[in-house]
Amino acid sequence: MDEPGVDPFGRFLRFWRGVFGVSQEALAMDLASSTRHISRLENGRVRPSLRMVERIAAHLGLGKRDTQQLLWSAGYAPESEPLGFDDPALRWTRKGAARTLAAFDPSPAMLFDGTAQIRMANRAWLDWFGPGLPIEGPYTIRSYFDVLFRAVPKAEEPRNWLDTKCGILMALQQDAVITGDPGMQMVVDQLATDHGLPPDWARRATGFEPISTFVVPLDIGGRRRDCTHLSTSLGARPPAAFGTTPWFAMTVLLPARSDAVASEDHPLLHTHFL
């Protein structure tokens, strides 16, 4: 008996053969390959070509999700297919996010997508940030992090705030590298330029492990508000659903006290998505 596959692709290949009851010999014959080559693929002794991975997935009739997983396991980044936030397929994602945002009131909370574009917010968030936003519709804000960075007074930046900004930018930059998305790269470049990050911000970020929770002093309408910034993911990050399920992040600001009032008509208000 061959030894178990020593890499993810080999383990996946053996798994899928078992699911469909296909022997190495039968798979090799159908792919015009050799049993020895299929065995070496499963044992991690050779790396499959992109064409071979695609042929295996097509021959086994794998769907988009499972094909993406197989590509990732072999070291290939699959191309994602854009899915607009208003797409009918995301109806229940929008409804679930809307209800979650409503539950956070009176703490400000919002939802942004994989390119950091704000997609939805609750009343408290709009009361804090809405008045200063040049917005006529829900898709004209450049970036959530642009809003956040601008809300921190320069004179009161925490000592490690620059490291935090570099760390946030590094997370966005790595997404841009993985996806090859020029829009994401534009967001990164714009943030680095507009907020005065040093030329070596990427090198600096290597010494800062990413965190989703940090304390940030905000200037909201000329008033200082110290908040705990908390983020959580909605959807799956690669490789689990790369190219098949859009990724969103939900962020809530937990202030010491809140005196927010209702902003009923803002186009980002979560009630529009219920």
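**Exercise 1. Locate Tyr 144 in this predicted model and describe its surroundings.**

Tyr 144 belongs to helix H8, which covers residues 144-150; helices (H or I, at least four residues) and strands (E, at least two) are DSSP runs, numbered from the N terminus. This is a predicted model, in which local features need pLDDT of at least 70 and side-chain atom pairs count only at pLDDT 80 or more, while totals for chains, interfaces and linings use all residues. Residues are numbered from 1 along each chain as its sequence is written, and side-chain values use heavy atoms, with hydrogens and water left out.

The next step is burial: Tyr 144 counts as buried because its relative accessibility is 2%, where buried means under 20% relative accessible area, exposed over 50% and partly exposed in between (1.4 Å probe, protein chains only). Leaving aside residues up to four places away in sequence, Tyr 144 touches Met 110, Phe 112, Ala 116, Ile 118, Trp 125, His 229 and Thr 251, a contact being heavy atoms within 4.5 Å. Phe 112 is 32 residues from Tyr 144 in sequence, yet their C-alpha atoms are 6.9 Å apart. With His 229, the side chain of Tyr 144 makes a side-chain polar contact of 2.7 Å; such a contact is a pair of N or O atoms within 3.5 Å, and within protein one must be able to donate a hydrogen and the other to accept it, while residues adjacent in sequence count only if both atoms are side-chain atoms.

**Exercise 2. Which residues have the most contacts inside the largest nonpolar core, and which helix gives the most to this core?**

A nonpolar core is a set of buried Ala, Val, Leu, Ile, Met, Phe, Trp, Tyr and Cys residues joined through side-chain atoms within 4.5 Å. The largest one has 42 residues, and Trp 125, Phe 129, Phe 145 and Leu 218 have the most contacts inside it. Helix H9 (residues 161-179) gives the most to this core, namely 7 residues. A second, separate core has 19 residues, among them Leu 13, Leu 27, Met 52 and Val 53.

**Exercise 3. Work out the order of the strands in the open sheet, and then find which strands stand at its edges.**

The 5 strands follow the order S2-S1-S5-S4-S3 with antiparallel pairing, where two strands pair if DSSP finds at least two bridges between them. Strand S2 (118-121) and strand S3 (213-220) are at the edges, each with a single partner strand, so one side of each has no neighbour in the sheet. From one strand to the next, the twist averages 30°; axes are lines fitted to C-alpha atoms, for helices over the stretch in contact, and angles run from 0 to 180 degrees between N-to-C directions. Strand S1 (residues 109-113) is joined to S2 by 3 bridges, and Met 110 stands opposite Ala 121 in S2. Helix H6 (residues 91-104) packs on the sheet, where it touches S1, S2, strand S4 (223-234) and strand S5 (248-255), and its direction makes about 5° with that of S5.

**Exercise 4. Compare the backbone and the burial of Ala 32 and Ala 116.**

Ala 32, in the loop between helix H2 (24-30) and helix H3 (35-42), has a positive phi near 55°. Ala 116, in the loop between S1 and S2, has a positive phi near 70°. Ala 32 counts as exposed at 71% relative accessibility, whereas Ala 116 is buried, with a relative accessible area of 0%.
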